[in-house]
Structure formats: structure tokens, C-alpha cells
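Open your viewer, switch to the cartoon display and keep the selection tool ready. We will walk through this structure one stop at a time.

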Protein chains: 4
Amino acid sequence: MAGNTFGTLFKVMTFGESHGVAIGGVLDGCPAGIQLDLEAIQTELDRRKPGQSAIVTQRKEPDSVEFYSGIFEGKTTGTPIGFAIHNTNQKSHDYSHIKDSYRPSHADYVYDQKYGFRDYRGGGRSSARETASRVVAGAIAKQFLKDIKINAYVSQVGDLSLNTDYKNLDFSLIESNAVRCPDPEMALKMENYIKEIRKEGDTVGGIITCVIQNVPIGLGEPAFDKLHAELGKAMLSINAVKGFEYGSGFEGVKMKGSAHNDQFNQDGTTKTNHSGGVQGGISNGMDIYFNIAFKPVATVIQGYETIDKEGNMVKTQGKGRHDPCVVPRAVPIVEAMAALVLADYTLLNRTIKL
Amino acid sequence: MAGNTFGTLFKVMTFGESHGVAIGGVLDGCPAGIQLDLEAIQTELDRRKPGQSAIVTQRKEPDSVEFYSGIFEGKTTGTPIGFAIHNTNQKSHDYSHIKDSYRPSHADYVYDQKYGFRDYRGGGRSSARETASRVVAGAIAKQFLKDIKINAYVSQVGDLSLNTDYKNLDFSLIESNAVRCPDPEMALKMENYIKEIRKEGDTVGGIITCVIQNVPIGLGEPAFDKLHAELGKAMLSINAVKGFEYGSGFEGVKMKGSAHNDQFNQDGTTKTNHSGGVQGGISNGMDIYFNIAFKPVATVIQGYETIDKEGNMVKTQGKGRHDPCVVPRAVPIVEAMAALVLADYTLLNRTIKL
Amino acid sequence: MAGNTFGTLFKVMTFGESHGVAIGGVLDGCPAGIQLDLEAIQTELDRRKPGQSAIVTQRKEPDSVEFYSGIFEGKTTGTPIGFAIHNTNQKSHDYSHIKDSYRPSHADYVYDQKYGFRDYRGGGRSSARETASRVVAGAIAKQFLKDIKINAYVSQVGDLSLNTDYKNLDFSLIESNAVRCPDPEMALKMENYIKEIRKEGDTVGGIITCVIQNVPIGLGEPAFDKLHAELGKAMLSINAVKGFEYGSGFEGVKMKGSAHNDQFNQDGTTKTNHSGGVQGGISNGMDIYFNIAFKPVATVIQGYETIDKEGNMVKTQGKGRHDPCVVPRAVPIVEAMAALVLADYTLLNRTIKL
Amino acid sequence: MAGNTFGTLFKVMTFGESHGVAIGGVLDGCPAGIQLDLEAIQTELDRRKPGQSAIVTQRKEPDSVEFYSGIFEGKTTGTPIGFAIHNTNQKSHDYSHIKDSYRPSHADYVYDQKYGFRDYRGGGRSSARETASRVVAGAIAKQFLKDIKINAYVSQVGDLSLNTDYKNLDFSLIESNAVRCPDPEMALKMENYIKEIRKEGDTVGGIITCVIQNVPIGLGEPAFDKLHAELGKAMLSINAVKGFEYGSGFEGVKMKGSAHNDQFNQDGTTKTNHSGGVQGGISNGMDIYFNIAFKPVATVIQGYETIDKEGNMVKTQGKGRHDPCVVPRAVPIVEAMAALVLADYTLLNRTIKL
């Protein structure tokens, strides 16, 4: 299994290289009868696409999705939804700096080792361009989920951390700025910082926080497929992600159990939510929230020394137009992956009662 | 899919409740011809079992594994390995405090909501007792992996953090103390702290660090099944885990790309290892290392108020003998899950070249 | 994936060799809340067990199943059901004729080639003893299915064929004779024929017909996982099966479309049922019926020449007590596999509508 | 799981409706480094396409496949191969006879019941047009398999049966006639018979025989995933298939074990091959051969009465250009599915030895 499938029942298989003919996928298992809002799907793609603001890569790619099947008279038919996004920007590049040498902290070297050779153009399959297909499938999942609300936002860029409980934030402000941070003041600081970094020809990392609300009780499968474990895998499968924590996370280890335990209200809700909406791997109806750490983008526009295929040291430098910080464009990807997990577990949960 | 299977090719399905007849599992896909060291498997179980030291629960359960199939004349046959650990301690307990009320931050409430009722004895399927089956399968995986070395240890208990690079630690000291921290001085501090916590009738969390060495280049599947994504899921599926980070992790977000990138040596190794041994989801031959955050154990031996099935507030308190801190016993579980992932990805990697 | 798992949602993994410690399995995904009739499960095992009549092997094995988990206060809990049947008859046999030589039309030779060696005792994993685990899981599936009625019976032994439409048969007579043929007269002929064959030290094949009634409309997944395709795989996975046909089957190829088409009644039922209850891979509410061809048992109690591991010709003969014809004991296995497929597709069908 | 995926390691997911925008699929897990012959793939599609001869449907569709990914410099990269075939013939048809009424022995009725509504144009997803995607994937599988030779041919049309052992046939003659029967005399008879049937506005069934040669020993997984069980499922998943038998098949039930058993030669080959190349679910190196029964095509160009959505009886008749007999065009589909199974089991077999 070459790892290009996600989900058990609400299941997507993606394909495509950065500079091949097209990227896309097949979504199988989507329930029949969903009145699809195709514009909403394109809107999600637009949130991810390059060239959308001054702080992301200035490449121009429209990323228009075409649907091939599984939709009839505007509604999902219950049969697989095939889709593709043609690559319009794939020609006439100069790949000499990639073709025969290995960029540090990229997948170039390991692809050659694993497969014997690689499509080096723009990083091939290892490019984050692949995540556009996830956004399409995730946008459909969102429409299936309907009442479950998924909001992700940038909560840290480099050292600039938004230390605000998500309950004190106005999610409607997320899209009001290029960084996708719902605190306008912090957003401005982050934006300026990213611009500085770009001027240096360097990059920086960041954190995305995701909040899922109106989750029904009971989603999640015990043992290996705990809801937060699958969410964790989903997030860790996004390019550049280095860490995942939910609820009290890494800070929670310092607490005592008596303080960490979420005491019940009479209606089954809890007074605190250190559990992050998941107990024993199953949603308890409280908000699910988690943080995802993204490393600084590996492509820096500075000269560096690296090795070529023969193991010789060569001097080279990053070329083209790249993101100085990945998190603003990763926000819709995080939401898409969360939606895919929730959709899958919603279907799984239908099967366990008489 | 009720979520009790782990792995695609090296695949284990587990069963069992804390106080049922037995727990166990079936391991399918283990290659034929491995000369099994059954004592080494039991040793791993003994590292996990209750009653092994003064700082873990004082319950007595021998946790002896019986093998039913898949082994002939001491060697694996390539057919499924069935095994069981009979529960010897499951009788005559008083469960009145669990049966009709819900313990905070346990799975009691969500199980009732998801399944309609539950086996409340000792937490049923949601008990960490289930992980003993994982340790059996993982111990077999370790023997298959042979040269790949997996070492986990406790690096934090509450606020007590071992701020030492793993390369400066002597892994042979991990088993020299009850905490499983390879720094004897820190181990003593941690041990004393856990004893204090226990006296308070309280609990505390901790962090386990895991290091995997001698990993061949090329393990991992791009896109959704990246090696670190599967490791993350494996770890997050362990009871009480709240977070996972590998390589530079959450700290890495603050770094610039120029500093974070791992520059190559001429032999393909890297000068630094912020990547944590994985690039683009594929092992690059450097050490894999990651941290796992465990919350404080939910069962506290203090009085507390909670709700019963009818939503009435009731006073109750933890009973029986519980772990004040889960990390010392979780070390072999972490290693087992890491071994299962590595074994599965070793087999998957055999299939992608001509 | 070593092939010991069946089903996607209602999923069983089995283990065990003919003469190992035990055989058994884990059933995962069985819905919670089924009041299990454990005696009914044992009754199914008794229908399959050796020694039950004069025309089957005279080995004595009680085949008592023990349940380890997943059942609480008599009901399924939604967690995995672990079970085992200990082998009581596994000792002190003489295997010299199997150990170093290969029985014709058995799996001895291919196991050695595939795995490098094998557990030769009683055929090891390739023994039909493995199917006892399927019968346990299938018996639980039957209880989940409740209103769906599955009846299998012997319709042919050697040349003796029961050329009667199943609608003219009284299924309550199936268990009235040792052959499990619902026509008492034909049953007697078959029984006498099997006894003759046994006296010759020979064996003979047969056909089992299976009829599934009260199937709801809509079970089955288009494309690869058509309902009849999965039923076919399920049946072909039973030891000694050589063919599967449903509805009009092989005879249907001679018909013209105008005659073969099943014309509708106004209520959606059809006037004829050449479709065998499945159209486009999906159940249409009519009876599902199919035939399964079993080859003559490979173990004959006659002298024969074969090869040993070194490729030398050796003289040997079948030993022990074997079935002269497999179909009487295979009837409950066929029903079990049909039940597993129907249970799985019932759960899958829950997931495809809004 | 909506059933549109086939294979575990060499895995294809298909999409597409008969008259939607496009059909296609994603092939994941294909090993890297195969020098693809794209013309050979198109040739396989041409063998399946409509309009290729006088005895198949006269629709004109070029069925040109476009590849989107997974191929670089002519070789497979080990990443998913996305492909599509655009539907060129999907416009301006008159579907009034299908839209609101249900064609007998088609999937119209059950689709409406299962999904709530359906894409009725040309049968939508239930059309055999879907199998073109399988032919693409299967053609790649053939190139991976290289030395394993797969030949299918028509061995029966209606009552006209080619009673010749495949060893006496010249496979190079299969493509020499429109029926794809390697016996020119019988081919002519079949062709004439099909023309007659077409004139009647009727259809007829047939049998395809498939022979697989040069199979290495050891392919196949015991228990549920026996090689012939997966082959059976693969074939039964093809539109219009009603039965599958391999080796001695249904005729074998009449034989005695002493005659049916395949005696060994000293080199491990067998003197006879009633086993059909598979023993205990594992290939033994002998030729694999099997028969597949196809029902008469359900679309007859004759008037008939059927029901509409409201359950009223309505008069209608088949329209458009349809195949009077499906087997000539199904030959490449059978070969494709066989190739997919063999490719998958080849990869699986790599994982079970040390």
C-alpha cells in the first residue's frame, strides 16, 4: 500500500506530482444525496492557492477543480467522485539545481533511495501541491458534516505566539488578514515578521490551532483508531508538520490529576475541557481543539552547499518563488484533513449499534 | 471497523477487557522463519506489568502469555500467531462506584453513549490493560527487526525535565531504576516526586522520549502514510497520550529555515538532525527520535463529585491500587508500538521496487 | 496481509493450526447490544465437528468454544470478541508419512515453497479445521442478522444430483439425516454411496446449495465489491471448493436475454429470479441462491506414490480417520460464510445515505 | 467502503459513469522503474472498445486514456498513476425509457432503492463502461508481471461450446477473429449465431476461459485470501458474470479422490492438473485455468413491459446500439482482472519470508 489513501469509509485516494499533467483524486463512500455547493469547494481551494497575498509564494496557478463523476443534477450519487486539477504552470522551468543534487531537508535524497529515481520537477509527489487534492475532498466532507464547525487559524509564527484561549477569539476574523490569525493586532505583527524573513531569503515555522465544534458524542473507535490518534495522523501527514497535541497537550504533563480531570455537569458536559473533547478516544460532545507545529520551509533563497548524486559537494541556492512561512496557506489543509477524519468517523459510528 | 487492528502487512488485532476472561490478539503477516525468543517476549510483558516496583500500582497480575498458533519448533511459520493472557485478578471486586456513575476524564460516559451500555469492571476495554497485547506483538516485531534498536525512556515527570540530548545518555541505565530514566540522579528525583504524589492520593503526567537507531533508508510511504504520521498515530493510540512531536518538534517552529535545514555530509548523512530521521515521510537513515506527552492518570484516590447515569451528582472516590504516574510502565508500550510501525513499514518497503 | 481477515466492518481474524494448542479468532465490529445465544453458537460448531455421524471422520473432538471478551451480561458490547477452541486431539500422532513427503493435491508442497518450512501436523494451517473459527463468527453474524434466513444443504454427491428447485424443498428436513440433504430419499442414496466410497478407501466430491431469504433491498457495493462477488470469494475460500455460481449460473449462458430477464411485478419483486436475488451487485429483495462445487477429499486411504523433500519417489498411504466426502460437514461452514458476508454488507449499507 | 477499490498493495480505485464527463482511476502501489509501453495499454483498451467489429455494439467511442501522474521519462515512479478516459459520446441521448422506469435485470431499480436516486444516463455507474478503467490498470499490471502470460478466450456462446483442452489451442489465433475464439471453425459458427441473435433483437450468454502460465510457486495467501478465491471475486465483479470455476470445477465433484489427485513428478510438477495450478490457495507452478459464465446481455431490442418509479406497468423497449453477446469484448477485461490479482499477490508474496 503506497500510502495515498485516507479513510476507511469516507475514503479518498489522491494522485499527482507538482509539475505533472494534473493532480487530483477519487473520493469513495461519500453518502448519496448531498446537494453540493461547488463554489464553496473552489473557495477552499482559493484559500490554499499560491499567489493569494503578499506573504505567500507569488506563483500563479488558478487551481480550478474539474469533477468527472459521482455528481448528478447537483447532488452526490453515492458513487465515487473523480476530480482533477490540471497543472498550468508546469512548463519550461530550470530544474538543474534539483535534478542532480539533493536539497537539504527535502525529500529528494530519500526518494532516490526508496524508488531508484524521482520526478524532480518542483519536488514531484513530495511537493505540498498534493494537498490541493485533500482540500477538494475535505470541502466535500465539510458539506456532509453540515452542523459540525471546523475552524483553524494561525496561533504562532516564529516566536510570535497568540496566547489567547480560542473562546476569546472571533473566528470570523480569520479570513480578514493574509496570515489567517483572528487577532488583528497579532496578525499584523506576524505579517511584518514574515515579510522581514522573506527579505532575508529565509523562512520560519509556525503553529496552527484547530477547533471543532458541535461534535456529536460517540465518534471514535477504541484501541488503535482513537479519534485523536486519527486526527494526529491526519495532521502529521501534512507537509512540514513536526508535532501534534490536543486538549491540555504537552503542558498537561505538569498538572496533577485532581486538577486535570474534567468534572461533570449534570447534563454530561464538563466544567473544564483538558480532555480536548475526546475521552478514551471517543468524542464527548465538548469542543475538540489541537495544535499543529510546522517547521520552517526547507527552501531558502540563500546560497548553500549540498551533495549531488555522486556524493560530491556542490554550491547551489533556492530558486523560484516560495513561501517564507507555510502556515497561512496550511489553514485550509488542516481544516480539510479534520473534515475527512470527522466524516469517516461519523460513518463508522453508524455501524456499531443494533 | 471497530478500530482494534493495527498495521497493514505486519498486522495485529487485539481483544480483551480489563476484567474479562482474557486479553490477547492475533498477529498476522509476521514473516516465516524467525527463531522466537519467548523469554524475551515475557520480559517485555514484565516491564509493563503491575506490581513491579514501589512507584506503580500494587496489583499482582503475572501477565503470562500463552501462544496458540503460528509457531512451530520455535520458529514463526508465516501463519497467524494467536495469543492470550488470562486475567487472574478479575474476580470479586467492588465496582459500585463505577457501575452507575461516571469517573471524570475516563471513558465511562462516552462508552455508554456510544454503545448503549458497557463492561464497567476495571474500565473494560478502555483500560490500559489492553496494551499488554500490544507489548506481545511488539516484542515479536522487535525480534523481526533485529538490527533496528528501539529505546524509550522517561524524560519528564511533572515539572522534572531531563534536559539532556539523548546522545549523552547511557541507554543501558534505563532499566536500572523504577522510573526508567537513564540519568540516575534525575531518576531518583522523579521517583521521590511520584511517591509524594501518591501519598497525596493524586497523580501526575510525564513525557517519554523514544529513539530508534540503525533504521535503513527508505521506510515510509508518501502522502498520508508518512512514517512519522504512522508513528504519531501509534503513540497517540496509547492510553493517556496527549501529544507527539518528532525531530525539532514544537520548538522547531521558532527556528529559521537556514538554521533548521540539515546539511548533508558526502555520505548522505546529515550534520544536524532536526528532521528526526524522517524527510518527506521517509526514513533517511539518521536516528528517529520523538517525544510523547502523557496526561496525569485520571484515577485519583481522593473524594470527588460526579454524575450517575441519571445525571444526579454523587460523591465517590477512586478505589483500588492505581498508578500515580503512568510513564514508567508505558516505556515498553511505546517501544512496542514503535516496533510494530517499523516492522510494517519494513514489509511495505519491500514491495515498491522492481 | 497474510489473508487471515475477512470483512470490512463486521470483521473476523482467525488463527490456528490443526494440531497446535488452539484455533480461534477475534470478531471486531459486531454491533453492541445483541443478546447472544451461546448454545446456538455451540450447536453450529456441533454441526461441523468430526465424529457426528457414520459418514464423517470418526475422530473425536468436542470443539468447545471459549469466549474471552466482548460479551458482558450476555450481550455483545461492541468491542472485539476473542474466542478459542482448544485442540484436544493434537498429541502423539504419527506424522512420518507427512513430515518429509508431500501428499498429492494437498498444500504440503506449496507451504514449504512459500514459507520455507511448515507445521506438518495434520496439515497445519491448511487443514479445514481452521473453518471451525469461521463457524463461531458466522453463528454470531446469524444472530445479528436475525430475520435474514440462511439455509444450505447438500444437493449433489458424486453423480447423485438432487434436481429439485429449492422452493419445493422442506428446509426443516436438512438436519434430519447425516448427509444434510432435505430430500430423505435422495439423502439415503447419498449416504449409501458415501459409505461405499469409504469402504473403497476413496473419496468423492459434491455440491452444496445455499438459499438466503428475507434479504433487504440494497445490500452490495457496486464495481469490485458486488454482493455476489464477495459471496463467491467467501465460498471459494472454503477448503476444497472449486466453483461458485449464483442465480442462473453456468446454465444461464445458454439462455436468450428475452427469456433470462426477470420481469417486474408492480411491487418491485420479479416474476422469475434468474438474477439470484442480486442485480448490478446489489440485493433486490428476492431470494439469493447459489451452488458451490467441492472436489473429492484429497486424503485417500489407499497406497500411492509421491515425492519427498529431496524429490525422491516414495510409497505411502493416507492414515488416520478422514472424511470420505466433505459436503455434509461443510454445510454449516457455507452458512457461516454467507452470514459473515451479509452482516458486513448490512453494516456497509448503513453508511451510504444521508 | 463503497467498493470501488481493488487490491491490497497493487491497488486501483476507479470512478466514472457511462455518460458523465470521464471515467478513470488511480493505481497506487505499482513498483517504480517499469518502462511503460503506453501503446500496449491503448491496444488493450481497443480490444474492449465498442464499434470494433460487426458483432459488437456499433457505438463509436475512441476510449483514449490520458495519464496524469506517476510516470516520468517513460517509467513508473512508484507514486500513484492517475488516469482518465473522457466520455465523448455522452450527449443528446434520449433517456426517457430509462429515466422513470426500471429495465428488467438491470441495476436501475436497486440503485434507486440503495441511493435514493441515480444517474440514469446509459446505466450510470452500473454500466460496463466502468471496466475500461480496469483494463488500463490491468494493462500496467501485465507489464509489471512480464513473464507471467495471461490468455483469455471465448469458449462458449449460447449452446456452442468449444470442447477442446486449452493445451490443444493456438492462443495466437484468439485475436484473429471478432469472437476471440482460438478455433477458427468454431469462431465462425459463434459469429454467425451472434448475428442471428442480433437480428432477433435478442442477446445470448457465453463462457470465457482464462489460462495463466509461467506462474511462480507461492502466490496466494491461506485462509480467506486464497489465490483462486481472489481470482473468483475479481471475475464475479465483472458485469454480467454468473459463475466461476477453476481446475476441475463443477465437473470435478463427480470424480473420486484417487483419480482427482494430481500425482507428483520428481521435480514438483504434477502429472495431471485438476488443481488448476492452485493448491491450498497457493500457486504450485502449474498452469492456472478457469471458466467464467456470462449471462445474456439484459438490454434486448424488443418491446417489453416493466414498472416505472410509481409501480405502474409501462411498455417500452431497448434503444440504442447494444452488444448482442458480451463475451468477445469481455476477454480483455478478464485478462485485466487476472493481471491485477497476480500483480497484487506477487507483491504480497514478497513480504512473508525473512
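**Stop 1: strands side by side in chain B**

Start by selecting strand E10 of chain B, residues 206-213, together with strand E14 of chain B, residues 288-294. E10(B) and E14(B) run antiparallel and are joined by 7 bridges. To see one position in this pairing, pick Thr209(B), which stands opposite Asn291(B) in E14(B). Keep in mind, as you look, that this is a predicted model.

Now add strand E8 of chain B, residues 149-157. E8(B) is joined to E10(B) by 8 bridges, and here too the strands run antiparallel. Click on Lys149(B) and you will find Gln213(B) of E10(B) opposite.

How many of the 8 residues of E10(B) are buried? The count is 7, so E10(B) is mostly covered, a residue being buried if 20 or more other C-beta atoms lie within 10 Å of its own. While the strands are on screen, show their side chains: in a regular strand these alternate between the two faces of the sheet.

**Stop 2: a phenylalanine facing another chain**

Stay in chain B and select Phe264(B), in the loop between helix H7 (257-260) and strand E12 (278-279). Is Phe264(B) buried or exposed? Phe264(B) counts as buried because 24 C-beta neighbours lie inside 10 Å. Leaving out residues up to four places away in sequence, Phe264(B) touches Tyr102(A), Pro104(A), Thr306(A) and Ile307(A), as well as Thr270(B).

Try the distance tool next. Gly232(B) is 32 residues from Phe264(B) along the chain, and the C-alpha atoms of the two are separated by 26 Å.

**Stop 3: where chain A meets chain B**

Colour chains A and B separately. In this interface, 91 residues of chain A are in contact with 91 residues of chain B. Several elements of chain A each supply at least two residues to the side that touches chain B, among them helix H3 (108-115), strand E10 (206-213), helix H6 (227-236) and strand E15 (303-307). Sorted by class, that side of chain A has 35 nonpolar, 38 polar and 18 charged residues.

Zoom in on strand E11 in each of these two chains. E11(A) and E11(B), the latter covering residues 241-246, pair in the antiparallel sense over 3 bridges. For one example, select Glu245(A): its bridge partner in E11(B) is Gly243(B).

**Stop 4: three residues to click in chain A**

Begin with Ser105(A), in the loop between helix H2 (96-99) and H3 of chain A. Ser105(A) has a positive phi of about 60° although it is not a glycine. Ser105(A) counts as buried because it has 28 C-beta neighbours inside 10 Å.

Then go to Lys146(A), in the loop between helix H4 (131-145) and strand E8 (149-157) of chain A. Lys146(A), again not a glycine, has a positive phi of about 55°. With 10 C-beta neighbours inside 10 Å, Lys146(A) counts as exposed.

Last here is Arg48(A), which an unreviewed UniProt entry lists under "binding site". You will find Arg48(A) in helix H1 of chain A, residues 38-48. Arg48(A) is buried, as 24 other C-beta atoms lie within 10 Å. Apart from residues up to four places away in sequence, Arg48(A) touches Thr131(A), Ala132(A), Val135(A), Arg329(A), Pro332(A) and Ile333(A).

**Stop 5: two helices and a sheet in chain C**

Select helix H1 (residues 38-48) and helix H8 (residues 327-349) of chain C. Their axes come within 6 Å and cross at roughly 135°, so H1(C) and H8(C) are oblique to each other. Glu44(C), Arg47(C) and Arg48(C) of H1(C) meet residues of H8(C) that include Arg329(C), Val331(C) and Pro332(C). By class, this contact has 4 nonpolar, no polar and 4 charged residues.

Next, show the open sheet of 5 strands in chain C, with the order E1-E2-E3-E7-E4 and antiparallel pairing. Which strands stand at the edges? They are E1 (5-6) and E4 (65-67) of chain C; each has a single partner strand, so one side of each is left without a neighbour in the sheet. E1(C) is joined to E2(C) by 2 bridges, and Phe6(C) has Val12(C) as its bridge partner in E2(C).

Finish where chain C touches chain B: 38 residues of chain C are in contact with 38 residues of chain B. E3(C) gives the largest share of this side of chain C, with 6 residues.

How values were computed. Residues are numbered from 1 along each chain as its sequence is written. Chains are lettered from A and ligands numbered from 1 in the order in which they are written. This is a predicted model: local features need pLDDT of at least 70, side-chain atom pairs count only at pLDDT 80 or more; totals for chains, interfaces and linings use all residues. Two residues are in contact if their C-beta atoms, placed from the backbone, lie within 7 Å. Helices (H or I, at least four residues) and strands (E, at least two) are DSSP runs, numbered from the N terminus. Ala, Val, Leu, Ile, Met, Phe, Trp, Tyr, Cys and Pro count as nonpolar, Asp, Glu, Lys and Arg as charged, and the others, Gly among them, as polar. Two strands pair if DSSP finds at least two bridges between them. Axes are lines fitted to C-alpha atoms, for helices over the stretch in contact, and angles run from 0 to 180 degrees between N-to-C directions. Angles under 35 degrees count as roughly parallel, over 145 as roughly antiparallel, 65 to 115 as roughly perpendicular and the rest as oblique. UniProt positions are given in the numbering used here, feature names are shortened, and annotations may be inferred rather than shown by experiment. A residue is buried if 20 or more other C-beta atoms lie within 10 Å of its own, exposed if 12 or fewer, and partly exposed in between; C-beta atoms are placed from the backbone.
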